[in-house]
Amino acid sequence: MKDLETTGTLASAIDFHLAHSAGKTPDSASLTDWRLALSRAVRDRLVAPWFNATHQTYAMDRKRVYYLSMEFLLGRILEDAVGNLGLEEEAKAALERYDVRFADVVGDEPDAALGNGGLGRLAACFLDSLSCLGIPAYGYGIRYAHGLFRQSFEDGRQVEMAEDWLRHQHNWEFERPECLYDIGFGGTIKETGKTTVWTPADIVMAQAYDTPIPGWRANWTNTLRLWSAKPKKIFDLDPFNRGEYMAAAAPEVLAETISRVLYPDDSTAIGKELRLKQEFFFTSASMQDLMRRFLAQNGDLRSLPGKVAIQMNDTHPAIAGPELIRQLMDIHGQDFDTAFDIANGTLHYTNHTLLPEALEAWDVGLMAKTLPRHMQLIERIDDRLTGDVKASKSGATSRIVDHGVVNMGTLAFTCARKVNGVSALHTDLMKQTVFSDLHAVYPDRILNQTNGVTPRRWVHGCNPGLRGLLNERIGTDWVTDLEQLEKLAPLAGDAAFRREFMAVKQANKQRLVDWIEEHMGLKISPAAMFDIQIKRIHEYKRQLMNALETAALANAIRRDPDANWTPRVKIFGGKAAPAYIDAKNIIRLINDIAKTINTDPVIGDRLKVVYPPNYNVSMAEILIPAADLSEQISTAGKEASGTGNMKFALNGAVTIGTLDGANVEIRDHVGADNIYIFGMTAAEVQAARHGYVTQNYIDASPILGEVIDQIRSGVYSPGEPTRHWPVLEKLLRDDYFMVAADFDAYWAAQRKVDAGFADPDHWARMAVLNTAHSGWFSSDRTIQGYADDIWGVSSLLEAGK
């Protein structure tokens, strides 16, 4: 592949693409044109290592990993790729020839709208680490035309608008018009002896779009393959000629709806059907694609588990089990038991939730109507599970098909060779709660792989000041060996280093101050503590508790404004699902609290509240390096892991949190003296559920009671006192996530935080130690664990030398 290697300077490549890809001259080029030219010039440098990796994998006939995920929250690609390849200075110099700023060009790139929250960002980190470690892999997902949604606020309410990230061409992808697969829905099934023929009523086509995902310095490059839905019949000319123009375009519109929006509203029957179709669409296309690749080099289907490892990221691709079995039986002639054994040896499932309602369950009627052949196979898989239950003599009662629904978590578990949790606590709780029955039947199936984050984006890319300090003090190996950060620990005792470290933090805070003023027109002080909670809005994440504590703090300041308050800026960020009314009500309450506090002259700069709309990866890259305090306050036992907690700690923020998810492991690594833990444990939460009465906790807490009374009387909604009653009604009727029970402990912990931040030297020491001891939370470590314990794959980096 030597002839494919890029020669010449980056500047000459930019000039070439400006002329030949954008069709512009330098004096007529827009910022978007310059972005196209730079992106294509950088992408050119990924092609040779991308082809080399593919060629090497084929030549050595090595096992591949296929990572199936409904979300890949990549963020901006250009700046990450430039940093990865070490081209920052060359890119800046090339653009400066035309008085074009590199920062403006990379800032022009929209975030790829391919995800919502932690699930999608984890998948993106994993792709980065798979490439960095040289493990042959494909990521499979959907090329959403409009993603989740673009969030704005009107009178405090969340308003959803369509994302337009594909309004301009996506500079990083390669369209594969020849890579098309039929995806069927509905129809009939015909049994002919031992052969079953499924004839779908409707067929759409899945077309591939490939994006190269480079490892560090592009030593290895894997592929993200996203599927876009295309019509089998592009245009119906007969109705068009009759003047029925909408009917003529219907096949195209209906097909493309499948890949239009991430997580369509499933509060209606048609919404549920669309979401099920989405999940099958990308899963079936991925199964067909990997089977094609496998069969090109292998004739024995029984060797599939030795060549292919499929990872199902949550339950969204759980239909992979029945679909792979269908292909093995109906296309390749295997009997059911053989097909199941092959699939079981190939499939693996990552669970991300202990919330029963988040473990997908589809109505049997919907499944049978949409995927009739798969419903048949699900029932056979369920029969096999029943046999294993009886053989285990465990007394388990788990069924895949139960009370008229198909339980996708149980289906994924049954079809998988290994099932992993994503933090030590979460994995233990999986065994004790949602999968206790299945764990009794398959006691060797569940194992832990604690999540991690990529240091390439979450330090090297987003925090250049810290990157420079680390390079100066411990060298550059930390970028691919994050546990090198332990070398910083002795420097926590060095006053000069602490000053350097906090100077980096202060510069990041000033950058955020400027960004907030530019985008929101709000002035905040960089001397204040930046207290940040950024994640999707969900009741278990308890943004409500944070909002109530914010209002309580405002009350305390009003009562005694001359006290020695530690100034704070409370920053929220995150979206609520369009149909999640309770979460959207919480967003409006937060915005109303912010409006009231920010305009109160008595409070002044002692407390400000900021909620920038449309939180995404690019915003996180500004917020996280600037954070002093990281809010990780979910109800114990409800957060599977979290990865934001890791990013904050890695960038020198101190955590306030419950003993939930990976907070437990963060405490173990950074030390109990360098984190603020409060609230009930998971066991205590379960014990408190018996006889729980919200009002009892409110009555016992004058601080909380005052805030509740203010919200009820309209202090935060003047002119409309009943505006926030739905929030209070839900809290009083069903405080399932125990906001009231943990509130006083949270308040007390926050006052300890005040005291800690008021001692700059003490706080700086904690901040340094959080960074120093966070190296274990690298996604490289996580992926190596998957490779060793689940997939049975190894790196080809050394093998190719």
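Helices here are DSSP runs of at least four residues in H or I, numbered from the N terminus. With that numbering in hand, a look at this predicted model can start at a loop. Glu-483 sits between helix 19 (464–474) and helix 20 (495–520), in the loop that joins the two in sequence. Its relative accessible area comes out at 42%, so Glu-483 counts as partly exposed. Glu-483 also has like-charged company: together with Asp-477, Asp-481 and Glu-486, it makes up a patch of negative charge on the surface.

A patch of another kind turns up earlier in the chain. Ile-234, Phe-235, Leu-237 and Phe-240 come together as a nonpolar surface patch, and their combined accessible area is about 380 Å². Within this group, Ile-234 belongs to the loop between strand 9 (221–231) and helix 7 (237–241). Ile-234 is exposed, because its relative accessible area of 57% is over the 50% cut-off.

Now for the buried side of things. Gln-710, part of helix 28 (residues 702–713), has a relative accessible area of just 13%; that is under 20%, so Gln-710 is buried. Pro-721 lies 11 residues away from Gln-710 along the chain, and the C-alpha atoms of the two are 9.4 Å apart.

Helix 31 (residues 760–772) offers a quick check on geometry. At 1.5 Å a residue, its 13 residues should span 18 Å, and the end C-alpha atoms are indeed 18 Å apart, so expectation and model agree. Plenty of this helix is tucked away, too: the buried residues are Trp-763, Ala-764, Met-766, Ala-767, Val-768, Leu-769, Asn-770, Thr-771 and Ala-772.

How values were computed. Residues numbered from 1 in each chain as written. Predicted model: local features only at pLDDT ≥ 70, side-chain atom pairs only at ≥ 80, totals over all residues. Heavy atoms only, no water. Patch = residues over 30% accessible without salt bridge, like charges linked within 9 Å, V, L, I, M, F, W, Y side chains within 5 Å. Areas by Shrake-Rupley, 256 points an atom, 1.4 Å probe, with all protein chains shown as cover. Salt bridge = Lys/Arg side-chain N within 4 Å of Asp/Glu carboxyl O. Lys, Arg positive; Asp, Glu negative; His and termini not counted. Charge placed at Lys NZ, Arg CZ, Asp CG, Glu CD. Buried < 20%, exposed > 50% of the residue type's maximum accessible area, 1.4 Å probe, protein only. Expected span 1.5 Å × (residues − 1).
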